[in-house]
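Let's take a walk through this structure together. Have the model open in your viewer, and we'll begin with a pair of helices before stepping back to the whole fold.

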Amino acid sequence: MRNAGWLIVVMCLVGGSSMVHGQTAPPRSGVQPAVQLGAVRPGQPVQNAAGQQQHGDQEIAHMIVGGNRNEIEIAKFAMDRLKSNDAKEIATTMIKDHTEALNKFSKFAGQQPAHVRNNGNPRTDDDRADAAPPAGSAPTAARPGVGTLNWSAIGQEICDQGLEDCKKELSRYEGADFDKAYLGSQLGAHHMMCTKLKVLKKHASSQLATEIDEAIETTETHIKHLRKAMDEVKDK
């Protein structure tokens, strides 16, 4: 029997991650360096510390929103294909808990969740545009040497691609193998999410850090449930 549970862990780890970075690649020879994301332009007022922290919280929240959105979509995709009651219960919990987290962190990101705007319909180009940083940043990811890279937009692209790839890989399995593949991918994705949250908390405001603490606690609870469900599926 194929070890389906762990074949797609790396795939879904990518799907659950986003990147935010404030630097650009070194300029090519003869090319002037691009203006860095958030850099002060001539005639633009200097942003105070509070404004910088708010912008940082928005960037952090965007990362967390992307991971939660992917968890919801994968759980919905898996629900009708899962066979064991334990796996179905896990998927139901994922939808509930990650929807609550998505709504919470979307407020910090300064955006309305796409599933609220679209009544559960797939994301649109407008939704992807919402993943960009606040005004003053490039609206799309620029090519090297052309302008500043928008790492929030790139991170969202990674989330979108990871979600697509994960669904494609899961579609290769049926029956008990599908249950193992789903649970295994979720265990790996939640370990990565927990690691990411612990790092992001160090760079967040005290208010956002409190919310991240709760998210870490929920993620660790999910990990315990996933381990138990995987053990029971393995025994059967």
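Start with H4 and H8: their axes come within 10 Å and cross at roughly 40 degrees. The crossing is left-handed. Keep in mind that this is a predicted model.

Which residues make the H4 and H8 meeting? On the H4 side you'll find Ala87, Ile90, Ala91, Met94 and His98, and across from them in H8 sit Asp179, Tyr182, Leu183, Gln186 and His190. Sorted by class, that contact has six nonpolar, three polar and one charged residues. The spacing is worth a thought: an α-helix has 3.6 residues a turn, so residues three or four places apart point the same way.

Now stay with H4 for a moment. With 25 residues at 1.5 Å a residue, H4 should span 36 Å, and its end C-alpha atoms are 35 Å apart, so the two agree. A good number of its residues are buried, including Ala87, Ile90, Ala91, Met94 and His98, and these five are also the ones that meet H8. Further along H4, Ala101, Leu102, Phe105, Phe108 and Ala109 are among the buried residues too. Just past the end of H4 comes glycine 110, with a positive phi of about 75 degrees.

Gln186, from the H8 side of that contact, deserves its own stop. Glutamine 186 sits in helix H8, and its relative accessibility is just 2%, so it counts as buried. Setting aside residues up to four places away in sequence, glutamine 186 touches Glu71, Ile74, Met94 and Leu226.

Isoleucine 90 leads us into the nonpolar interior. With residues up to four places away in sequence left out, isoleucine 90 touches Tyr182, Leu183, His225, Leu226 and Ala229. Ile90 also belongs to the largest nonpolar core, which has 23 residues; together with Leu82, Leu170, Phe178, Tyr182 and Leu183, it touches the most other members. Which helices supply at least two residues each to this core? They are H3 (49-79), H4 (85-109), H7 (151-170), H8 (175-201) and H9 (206-235). There's also a second, separate core of 20 residues, with Phe105, Ala109, Leu197 and Leu200 among them. As a general backdrop, in soluble globular proteins nonpolar side chains tend to be buried together.

Next, swing over to phenylalanine 77 in helix H3. Is phenylalanine 77 buried or exposed? Its relative accessible area is 14%, under the 20% cut-off, so phenylalanine 77 is buried. Beyond its neighbours within four places in sequence, phenylalanine 77 is in contact with Lys167, Leu170, Ser171 and Phe178. Leucine 170 is 93 residues away along the chain, yet the C-alpha atoms of the two are separated by 9.3 Å.

One more residue to look at is threonine 219, in helix H9. Threonine 219 has a relative accessible area of 4%, so it is buried. Its contacts, again without residues up to four places away, are His190, Met193, Cys194 and Leu197.

Finally, zoom out. The protein has nine helices and zero strands, and 45% of its 236 residues count as buried. Of the contacts between residues at least 6 apart in sequence, 77% join residues at least 24 apart. The pairing of phenylalanine 77 with Leu170 is a handy example to keep on screen, with their positions 93 residues apart along the chain.

Terms used:
Residues numbered from 1 in each chain as written. Predicted model: local features only at pLDDT ≥ 70, side-chain atom pairs only at ≥ 80, totals over all residues. Heavy atoms only, no water. Core = buried A, V, L, I, M, F, W, Y, C linked by side-chain atoms within 4.5 Å. Buried < 20%, exposed > 50% of the residue type's maximum accessible area, 1.4 Å probe, protein only. Helix = DSSP H or I, 4+ residues; strand = E, 2+ residues; numbered from the N terminus. Contact = heavy atoms within 4.5 Å. Expected span 1.5 Å × (residues − 1). Axes fitted to C-alpha atoms, helices over the stretch in contact; angles between N-to-C directions. Left-handed = near helix turned anticlockwise from the far one by under 90°. Nonpolar A, V, L, I, M, F, W, Y, C, P; charged D, E, K, R; others polar.
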